[in-house]
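Grab a coffee and open the structure viewer. Here are some exercises to work through, each with a solution you can follow step by step.

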Amino acid sequence: MLAQHLPVLVAVVPLVAAPLIVVARSGFLGWVTALLVAAATTAMSAALLAQATASGTISYAIGSWPPPWGIEYRVDAANALVALLVSAVALVVVPYARRSVSAEVGQDRQYLFYALLMLCLAGLLGMALTGDAFNLFVFLEISSLSTYVLIALGRHRRALLAAYQYLVLGTTGATFYVIGVGLLYLATGTLNFADMAVRLADVRDARPLAAGLAFITAGIGLKLALFPLHAWLPNAYACAPSAVSAFVAATATKVSIYVLMRVYFSVFGVDAVFRDLPTGAILAVLSVAAMFAASAAAIVQPDLKRLLAFSSVGQVGYITLGISLGSAPGLAAAMAHVVNHGITKGALFLLAGAMALRLGGTGMDRVAGLARTMPVTAFAFVVGGLSLIGVPGTAGFASKWALVSAAIEAGRWWIAGAVLLSSLLAVAYVWRFVECAYFREPPAGAPDRDEAPADMTGPALALTAAVVAAGLFASPVLEASTRAAAALMGFAR
Amino acid sequence: MKSDIILRVVAKILIPFALMFALYVQFHGDFGPGGGFQAGVIVAAAVVFYGVIFGLAAARRAVPEPLVESMVAAGVLVYAGVGVAGLLLGGNYLDYFVLDHDPVHGQHRGIFWVEVGVAITVSGVMLKIFYLFAGRGRGFEEDDGP
């Protein structure tokens with residue numbers, strides 16, 4: 001009985017857990033609940049992915065109202081993969097959060113932290129699994145609103161400003177998305193993605209559709225921090241509590257990227273987006289600009305978390321570059337980078353949080369001599385940095401390789417060249433950390449050896465190990481991404 | 001405004017009627033304009049009115065802060081609980097058809113409880129916002145942290 005309800009339970013379990021945590025009013029109970037929920041959603045997402053891979057699309061009718069009239073949850077190899085990424089990252093972040101949150105969030109607010117984390121998880125999973133354009137908007141708002149508050153819980157007053165900035169831009173993005181959906185609804189008379197894909201073929205007047213596509217691209221572009229719509233991201237990631245930075249950096253932009261893929265490849269189709277409109281060219285130019293400008297900005301950041309945040313904007317550029325190719329291999333490479341960059345950036349932010357706990361911050365001057373005081377953390381951070389560069393043997397290499405091959409296959413050599421050149425900038429910003437941590441003396445009075453406690457280092461190292469594993473054994477992720485790309489492109493009923 | 005006898009008497013007369021009107025809006029929402037959101041706002045407005053006339057402390061005594069916070073969560077639980085009830089009775093999530101032997105009654109029962117949940121959460125959120133704004137600068141405000 002349970003198995004058939006999995007598509008909706010993945011989102012409902014964290015959604016129910018959040019108010020339960022509020023009623024219990026206990027930080028510890030909240031943490032235990034969050035841990036159980038993260039484990040449950042991970043297991044359920046994995047089961048869904050296995051089921052979708054084995055037997056194709058799973059459709060679930062909320063309230064037993066058949067689609068396209070009711071809200072449909074539609075799980076295939078693409079969104080089950082995204083759901084698994086989101087819940088697996090949550091499963092790593094929640095054990096880590098216990099100590100990190102105790103250090104950074106006031107005692108009386110910790111239960112609210114876990115309730116908000118569960119709401120955010122529910123929102124992201126709902127966005128991934130729903131097959132309904134408006135339901136997606138609702139979950140987008142659930143995840144966004146909870147993220148704003150989570151960021152505002154950061155230690156410094158600056159966090160409030162960062163959260164407010166993100167609130168203004170994020171709300172603008174969500175509004176643009178819903179305007180775009182409104183235009184599509186006017187043209188097709190349906191909100192169900194699969195039904196919309198079929199009916200779009202009969203729409204004669206292409207102008208509202210192009211406007212709708214433009215609105216959705218701009219709106220979701222804001223949420224996924226597409227250059228130059230990324231202004232909210234560096235402050236938000238840098239000021240949020242460590243556990244939030246890790247969770248949001250690894251999942252939130254990734255789910256938005258999935259939404260863009262769904263709209264482009266499943267609803268509109270490759271021809272409408274990339275042949276009839278210049279979307280591909282625009283996206284490619286913005287992506288390359290992100291790869292260079294954001295990576296260059298990362299080099300000069302005075303704070304490690306801000307450096308990682310700018311690096312995220314650059315890495316999102318690689319993903320949107322894969323989308324801009326408008327081909328199945330390009331889409332598969334983008335999906336692979338969603339997963340690989342998600343775990344890489346998650347691991348790096350967790351490690352940065354461990355440093356923040358011991359050093360009181362992540363400014364570049366504070367991490368000086370880190371290799372002596374926190375050797376394990378410093379080494380793991382370098383491994384994560386190598387994955388950002390795309391060194392063979394790390395996750396980043398596998399997906400960048402797939403991206404370069406897809407670009408060459410599409411005959412766009414300049415894109416392949418841009419990927420390689422921009423990786424040099426990643427070398428530069430990772431080197432800044434290496435230089436500070438390995439070639440500078442620790443500040444006077446620093447303790448000899450002072451790693452963060454095991455319940456923080458453990459999850460961070462586990463995720464770093466996953467980065468290496470995904471680099472050495474790249475085929476599971478690449479195959480899952482190829483299947484995801486096929487599912488995204490062959491969507492209509 | 002505690003000392004103004006006219007305001008106090010009028011408030012004491014009006015507040016029960018406001019609450020009664022909220023119940024009417026809640027239960028008549030199935031047939032006419034109204035529903036959980038509007039009813040929740042009216043309930044909250046009655047408490048806000050009480051707070052304006054008799055003071056914030058009196059309002060907090062009548063409707064304590066922990067209760068308000070629990071209401072915010074409880075309404076969501078009622079709503080989600082209707083969905084889970086559908087699951088347990090053998091339907092899909094939020095399936096109202098299975099909530100009664102007669103599917104039409106089932107739909108009625110489902111939306112009734114959903115609206116109850118909405119009313120509880122909306123009045124809770126309204127009051128929480130009121131308490132937060134009204135309490136600013138009076139020592140009621142929560143610690144903002146370092």
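The exercises below deal with a predicted model, and each task is followed by its solution.

**Exercise 1. A helix and its packing**

Task: Work out how the span of helix H18 of chain A compares with the expected one, and which helices its buried residues pack against.

Solution:
- Start with the length: H18(A) covers residues 413-439, which is 27 residues.
- Now the span: from first C-alpha to last, H18(A) reaches 38 Å, close to the 39 Å expected at 1.5 Å a residue.
- Next, pick out the buried residues of H18(A); among them are A:Ile415, A:Val419, A:Ser422, A:Tyr429 and A:Phe433.
- Finally, look for their partners: the buried residues pack against H12, H13, H15, H16 and H17 of chain A.

**Exercise 2. Two helices crossing**

Task: Describe how H5 and H10 of chain A are arranged, and what sort of residues meet between them.

Solution:
- What do you need for this? Two packed helices are described by the angle between their axes and the distance between the axes.
- Here the axes of H5(A) (residues 133-152) and H10(A) (residues 242-268) come within 12 Å and cross at roughly 160 degrees.
- Angles over 145 degrees count as roughly antiparallel, so H5(A) is roughly antiparallel to H10(A).
- The crossing of these two helices is left-handed.
- On the H5(A) side you'll find A:Leu136, A:Ser143, A:Thr147, A:Leu150 and A:Ile151, which meet A:Val244, A:Val248, A:Ala252 and A:Val259 of H10(A).
- Sort that contact by class and you get seven nonpolar, two polar and no charged residues.

**Exercise 3. Odd backbone spots in two loops**

Task: Find the cis peptide bonds and positive phi values in the S1-S2 loop and the H8-H9 loop of chain A.

Solution:
- Take the loop between S1 (58-61) and S2 (72-75), where A:Pro68 sits. A:Pro67 and A:Pro68 are joined by a cis peptide bond, with omega about 5 degrees.
- A:Ser64 is in that loop between S1 and S2 too, and its phi is near 60 degrees, a positive value in a non-glycine residue.
- Move on to the loop between H8 (206-223) and H9 (232-239), which holds A:Pro228. The bond from A:Phe227 to A:Pro228 is cis, with omega near 0 degrees.
- A:Ala225 lies in the loop between H8 and H9, and its phi is also positive, near 60 degrees.

**Exercise 4. Buried or partly exposed?**

Task: Classify A:Ser64 and A:Ala225 by their C-beta neighbours.

Solution:
- The cut-off for buried is 20 or more other C-beta atoms within 10 Å.
- A:Ser64 has 17 within 10 Å, so A:Ser64 is partly exposed.
- A:Ala225 has 30 inside 10 Å, so A:Ala225 counts as buried.

How values were computed. Residues numbered from 1 in each chain as written. Chains lettered and ligands numbered in written order. Predicted model: local features only at pLDDT ≥ 70, side-chain atom pairs only at ≥ 80, totals over all residues. Helix = DSSP H or I, 4+ residues; strand = E, 2+ residues; numbered from the N terminus. Expected span 1.5 Å × (residues − 1). Buried ≥ 20, exposed ≤ 12 C-beta atoms within 10 Å, placed from the backbone. Contact = placed C-beta atoms within 7 Å. Axes fitted to C-alpha atoms, helices over the stretch in contact; angles between N-to-C directions. Parallel < 35°, antiparallel > 145°, perpendicular 65-115°, else oblique. Left-handed = near helix turned anticlockwise from the far one by under 90°. Nonpolar A, V, L, I, M, F, W, Y, C, P; charged D, E, K, R; others polar.
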